[in-house]
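Hi,

Here is the two-chain structure I promised to pass on, with my notes below it. Have a look at it first, and then read on for what turned up.

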Amino acid sequence: MATLFGLDYPTLWFLVIGGLFSGYAILDGFDLGAGALHLFFKKEKSRRIALNAVGPVWDGNEVWLVIAGGALFAGFPVVYASLFSGMYIPFMLFLLFLIFRAVSIEFRSKEEMKWWRKMWDISYSVASIALSVLLGVVLGNVLIGIEIGPHGNFQGHWLEFLNPYALLVGVTTLALFSTHGALYLLMKTEGRLYAKLSILARRAIIFFIVTFSLVTLYTLIYIPHLTDRFKDLPWLFVVPVLAFLSIANIPRLISKRRFRDGFIFSAITMSLLLVVVAIELYPVMLLSTVDEAYNITIYNAASSEKSLGIMLTIAAIGTPLVLAYTAFVFWTFRGKVELDETSY
Amino acid sequence: MDVEILSRIQFAFTVAFHYIYPPLSIGLGLIMVALEGQYLRTGNKEYHVLAKFWTKIFALTFGIGVATGIVMEFEFGTNWATYSRYVGDVFGSALAAEGIFAFALESGFLGVLLFGWNRVSPRVHFIATLGVWLGSMFSAVWIVVANSWQQTPAGFHVVGEGLDARAEITDFWAMVFNPSSVERLIHVWLGAFLAGAFLVLSVHAYYLLRNRHVELSKKAFKIALIVATIVSLGQLVAGHASADGVAENQPAKLAALEGHFEANAPADMYLMGWVDKESQQVTGIPIPGGLSFLLHFDFNEPVTGLNAFPIEDQPPALNAIFQFYHFMVAFGMLMIALTLYASFQWWRGKLFEQRWLLWVFVFAVLLPNLANQFGWFAAEMGRQPWVVYGLLRTSDALSASVQANQVLFSLIMFFLIYALLFALFIYMLNKKIKHGPSEDQLLDHRSRHEEMAEAAGKF
């Protein structure tokens, strides 16, 4: 089996996908968080500033989901097929809210009428909240496992996805995105909105710490299989420790009003938590609650070595380009938001 | 209704709705690059104003395109799980390349294109516009490559059997340059240029008829007319090459396009007609031996007909395929006639004097858009009963774990959202057109002399 840096191709591609999803969480996470907080801003001008803080970048951020999805499809078609067809209804709802988020941003500013703007404000915020929760629900189900039968086909009922653990992970995701979004907006705003956001950031991080503690407790008590890896390889325990330290650092930075650093640490937290997830799962990608034999792993789900090799080449060429455009756009729109005639 | 038909309707509906927007974005992108290029070259502010105006409309088409585009990516997994498992190894690299090379480029620069007018220099802005346009062109490359692989698979081998069978890539470049991808890509690009150019023609013809933005509109109309004339003629060549390819690679589809039943006989070409599948008769206006001539330059050369294939391998919706194909061709011909006539009038110096012609252009925007839709309907329905031609049947490609009521739910959901989206799109488009280009910034730069002449003219 071909290897690179001592890792086989499926493992490498597993890491690539992990990197893409954490890139998506970090980037679209602040858009979604900003959207989730949107209705807390009461003044028309505040809402416009908040919207224009994500205005030039949300679309590029959403593309990370398209790329991560494409990479999952390409690298692990069996996972893609089983996960998406198994979770048919949640993914359809996800699409519904994704469309509404995009459309709300696009259309809100196009009319002056109060009811018009209010309607799109509500749909923008509801869509952002629902997307955050749904992402967490999918993650929660991946963590506890789903009813996968022969040939990778889901054989349960779709309502099973709304189990307490998955919902709890969903709410935790919402809390983390809200913190992240508030910190992002703090970098882009001034005056009263800024003052309001510093209170919201404080509340959001408390909300996150509470929900995250519950998830951790729930995991330790009810889902022992997720901790096996850490028992086998105790040195890996350093990762969750770092994640906890990173989380603890966020309220400290918020109280010191170092919001930019806080934002960096909420991004680091997301990456570390996804590393924890990856450690817990690897090499399984979809855990079958029916029979271990039906587990979908990176080995029985991966594309051929040839195909993975081609895609690793594509990723190696493409990733620096993507990072360069992303950096260029963020640099162009650096600093506090200024509204002009091209704004939303 | 069963899962298969519901899933097919849902995919057809969502992809057809999506495909209203990308061709407009690609075509408008080309015009915007031309306008900004002209502005950089000549320094004439009018081009700047036009570029800004069309960017606003572009933002609308692009935004809805992005919002509706991700739906199909998801549907591969949700509705067509067996297909995803089958093609993932091959198809995946094209999709991944699309994401990383195309979408990241276009959406990365989009922010600068839309919101960067006051933040970056005109030269950097031009580069951003070019980046967005090239990104949209590349995304067409990879999606057409993927679809062409479904029409004419190449560069792969099949591993496993039955439910676990899947195609594995053996040669990336053979997959990318499969027998139909280049000709179909050019056909798709040109179709997109026409969609954009005819929208520009339509809107500026309307302004000219209403006597608004006259000088700006004449400039934009001429640029778009040049694009539309060259491209509609180019489409004749590209379309012919595409049909030749279908004859060679997908004979059953070609036979369906012209309603040619006899297994091995000279084939007629119909200007219009009606296909009766039961009696195997086409009623209409034929050019006897026309199809034979088009493919082999000989009216008597036999062409493989539908009866050469077992009934289960023939495309089922024969009359619909025939109609979609013939309307596409007819609309293409109309565009050629219209743009050539308008170019001739321009040469005579009488382009803007014929109001009826401008009115025709106002409505002609429907021609390329319908032709794009109909062409894809003919191509995709003509590929049936296969989802991957000759390898995987559509009926075998479904998700085993999805039930009909779930698909019915999502189909109704998409129908409702897209109805709302389309209404908003038309409303916003109309509003932006009514508002028109902001000529305020031109005033400061106009010479005093002109202003005085204008003021004098008012008295």
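B:His213 counts as buried, because 22 C-beta neighbours lie inside 10 Å and the cut-off for burial is 20 or more. You will find B:His213 in the loop between helix H7 (181-210) and helix H8 (214-249) of chain B. Its backbone deserves a look too: phi of B:His213 is near 45°, a positive value in a residue other than glycine. Most residues other than glycine have a negative phi. Please keep in mind throughout that this is a predicted model.

Chain A has a histidine to set beside that one. A:His151 has a positive phi of about 60° although it is not a glycine, and A:His151 sits in the loop between helix H6 (114-144) and H7 of chain A. Is A:His151 buried or exposed? A:His151 is partly exposed, with 17 other C-beta atoms within 10 Å.

H7(A), which comes after that loop, is mostly covered, with 21 of its 25 residues buried. Helix H7 (residues 164-188) of chain A also has the length one would expect: at 1.5 Å a residue, its 25 residues should span 36 Å, and its end C-alpha atoms are indeed 36 Å apart.

Next, the cis peptide bonds. Most peptide bonds are trans. In chain A, a cis bond joins A:Tyr282 and A:Pro283, with omega about 0°; A:Pro283 is in the loop between helix H11 (259-281) and strand S3 (284-286) of chain A. In chain B, a cis bond joins B:Gln384 and B:Pro385, with omega about 5°. B:Pro385 lies in the loop between helix H13 (366-383) and strand S7 (386-388) of chain B.

Now for how the two chains meet. The contact takes 59 residues from chain A and 57 residues from chain B. On the chain A side, helix H3 (58-75), H4, helix H5 (88-108) and helix H13 (305-332) each supply at least two residues. H13(A) gives the most, with 13 residues. By class, the chain A side divides into 35 nonpolar, 19 polar and five charged residues.

One helix pair across this contact is worth zooming in on. The axes of helix H4 (residues 77-86) of chain A and helix H4 (residues 81-115) of chain B come within 8 Å and cross at roughly 145°, and the crossing is right-handed. Residues that meet there include A:Tyr80 and A:Phe84 in H4(A), and B:Arg85, B:Gly88 and B:Asp89 in H4(B). The contact of H4(A) with H4(B) has six nonpolar, five polar and two charged residues.

Inside chain B, try clicking on B:Thr55, which is found in helix H3 (residues 45-78) of chain B. B:Thr55 is buried, with 23 other C-beta atoms within 10 Å. Leaving aside residues up to four places away in sequence, B:Thr55 touches B:Met32, B:Leu113 and B:Leu114. B:Leu113 is 58 residues from B:Thr55 along the chain, yet their C-alpha atoms are separated by 7.8 Å.

Last, chain B as a whole. The secondary structure of chain B comes to 16 helices and eight strands. Its radius of gyration is 24 Å, close to the 23 Å that the globule rule gives for 459 residues, so chain B is as compact as a globular protein of that length. Of those 459 residues, 53% count as buried.

Best wishes

Terms used
Residues numbered from 1 in each chain as written. Chains lettered and ligands numbered in written order. Predicted model: local features only at pLDDT ≥ 70, side-chain atom pairs only at ≥ 80, totals over all residues. Helix = DSSP H or I, 4+ residues; strand = E, 2+ residues; numbered from the N terminus. Rg over C-alpha atoms; globule rule 2.2 N^0.38 Å. Buried ≥ 20, exposed ≤ 12 C-beta atoms within 10 Å, placed from the backbone. Axes fitted to C-alpha atoms, helices over the stretch in contact; angles between N-to-C directions. Left-handed = near helix turned anticlockwise from the far one by under 90°. Contact = placed C-beta atoms within 7 Å. Nonpolar A, V, L, I, M, F, W, Y, C, P; charged D, E, K, R; others polar. Expected span 1.5 Å × (residues − 1).
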